[in-house]
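Could you walk me through this protein model in a friendly way? I am new to reading structures and would like to know what to look at.

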Amino acid sequence: MLDSRWFKAAGVAVALTLASATAAHAAPAPDPAAENSAAVVTLRYDDSRAGGWEAAIAAGVASWNGHVGNVKLVEAAPGTRAEIQIVATSGWPQATLGPVRPGGQARVELGSQAVAEGHDKTRIAAHELGHSLGLPDTKPGPCSQLMSGSSAGTSCTNAVPNAAERARVESAYAGGLASRVPADGRILVDAP
């Protein structure tokens, strides 16, 4: 025969189980915005040796940051290591083909020769940053393709990645990690 102590202990156990289950169900759902912000890869750039290109770099960075959600380009604080080194040169623009990873290294050269021939500085900066994010050239191509580069002609000022270019970058940085495939590392020269 069961005594009253057993019923009392069983009643307490049931009450605790119900309270735990109710609390678990009452807990708020995870915030998707918080999950997405945790998945953002931050890449730092150093443009301290790109005199004369500051406005174009800022506009190119803003274009990428405004059109992709899981990778953000931020200017490196003085004295800190940057994954993307941006320099001004007298030749044709060129860049290391990524996707660069956090802690990795890519170089972007913004060449004045392209500007002298009439190409838009902001388009050049955004295009070269696209290489660092893992996009190859798509030459020849229309102005609507940022990665068509100089093949779109000097009248083209589009500095916005199209849907396919955005999707490729988003895929390369999916899950908060840069692509598991190592960066290509080739230097792509954007001469006609």
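Here is a short tour that goes from the whole chain to a few single residues.

**The chain as a whole**

What you see is a predicted model. The chain has 6 helices and 6 strands. Following the sequence from its start, these elements come in the pattern α-α-β-α-β-β-β-β-α-α-α-β. The chain has 192 residues, and 36% of them count as buried.

Contacts across the sequence are worth a look too. Among contacts with a separation of 6 or more, 65% are between residues 24 or more positions apart. On the outside, the chain exposes about 10,000 Å², and carbon and sulfur atoms supply 60% of that area.

**The nonpolar core**

In soluble globular proteins, nonpolar side chains tend to be buried together. In this model, the largest nonpolar core holds 33 residues. Which of its residues touch the most other members? They are Trp64, Leu73, Ile84, Ile86 and Tyr173. The elements giving two or more residues to this core are strand 1, helix 3 (54-67), strand 2 (71-75), strand 3 (84-89), strand 5 (106-111), helix 5 and helix 6 (163-172).

**Two salt bridges**

Charged side chains can also pair up, and the count here comes to 2 salt bridges. The table gives the distance between the closest N and O atoms of each pair.

| Positive residue | Negative residue | Closest N and O atoms |
|---|---|---|
| Arg44 | Glu83 | 2.9 Å |
| Arg107 | Glu109 | 2.8 Å |

Start with the pair of Glu83 and Arg44, which form a salt bridge. Glu83 sits in the loop between strand 2 and strand 3 while Arg44 belongs to strand 1, so their pairing ties together parts that are 39 residues apart in sequence. Are the partners buried or partly exposed? Glu83 counts as buried because its relative accessibility is 2%, under the 20% cut-off. Arg44, with a relative accessible area of 31%, is partly exposed.

The pair of Arg107 and Glu109 can be read in a similar way. Arg107 is partly exposed, with a relative accessible area of 35%. Glu109 has 17% relative accessibility and therefore counts as buried.

**A closer look at Glu83**

Glu83 has further polar partners. Its side chain reaches the backbone nitrogen of Arg44 at 2.7 Å. A polar atom of the Glu83 side chain also lies 2.9 Å from the backbone nitrogen of Gly103. Leaving out residues up to four places away in sequence, Glu83 touches a list of residues that includes Leu43, Arg44, Val100, Pro102, Gly103 and Ala106.

**Arg123, a buried charge**

Now move to helix 5 (residues 121-132), where you will find Arg123. Arg123 is buried yet has no salt bridge. How far away is the nearest side chain of opposite charge? That side chain belongs to Asp120 and is 7.0 Å away. A salt bridge needs the charged atoms within 4 Å, so this distance does not qualify. Arg123 does have a polar contact: its side chain and that of Ser148 are joined at 2.8 Å. Beyond its neighbours within four places in sequence, Arg123 is in contact with several residues, among them Pro142, Cys143, Leu146, Ser148, Ala152 and Cys156.

**Ala39, in a loop**

Ala39 lies in the loop between helix 2 (32-38) and strand 1 (41-49). Its relative accessibility is 21%, so Ala39 counts as partly exposed, given that buried means under 20%. Setting aside neighbours within four places in sequence, Ala39 is in contact with Asn70, Tyr173, Gly175 and Gly176. Tyr173 was also named above as a member of the largest nonpolar core. The C-alpha atoms of Ala39 and Val71 are 8.4 Å apart, although 32 residues separate the two along the chain.

**Two cis peptide bonds**

Finally, look at two places in the backbone. A cis peptide bond joins Gly98 and Pro99, with omega about 20°. Pro99 is in the loop between strand 4 (94-96) and strand 5. Another cis peptide bond runs from Lys139 to Pro140, where omega is near -10°. Pro140 is in the loop between helix 5 and helix 6.

Technical notes: Residues are numbered from 1 along each chain as its sequence is written. This is a predicted model: local features need pLDDT of at least 70, side-chain atom pairs count only at pLDDT 80 or more; totals for chains, interfaces and linings use all residues. Side-chain values use heavy atoms; hydrogens and water are left out. Helices (H or I, at least four residues) and strands (E, at least two) are DSSP runs, numbered from the N terminus. Buried means under 20% relative accessible area, exposed over 50%, partly exposed in between (1.4 Å probe, protein chains only). Contact means heavy atoms within 4.5 Å. Lys and Arg count as positive and Asp and Glu as negative; His and the chain ends are not counted. A polar contact is a pair of N or O atoms within 3.5 Å; within protein, one must be able to donate a hydrogen and the other to accept it, and residues adjacent in sequence count only if both atoms are side-chain atoms. Accessible areas come from the Shrake-Rupley method with a 1.4 Å probe; for residues, only the protein chains shown count as cover. A nonpolar core is a set of buried Ala, Val, Leu, Ile, Met, Phe, Trp, Tyr and Cys residues joined through side-chain atoms within 4.5 Å.
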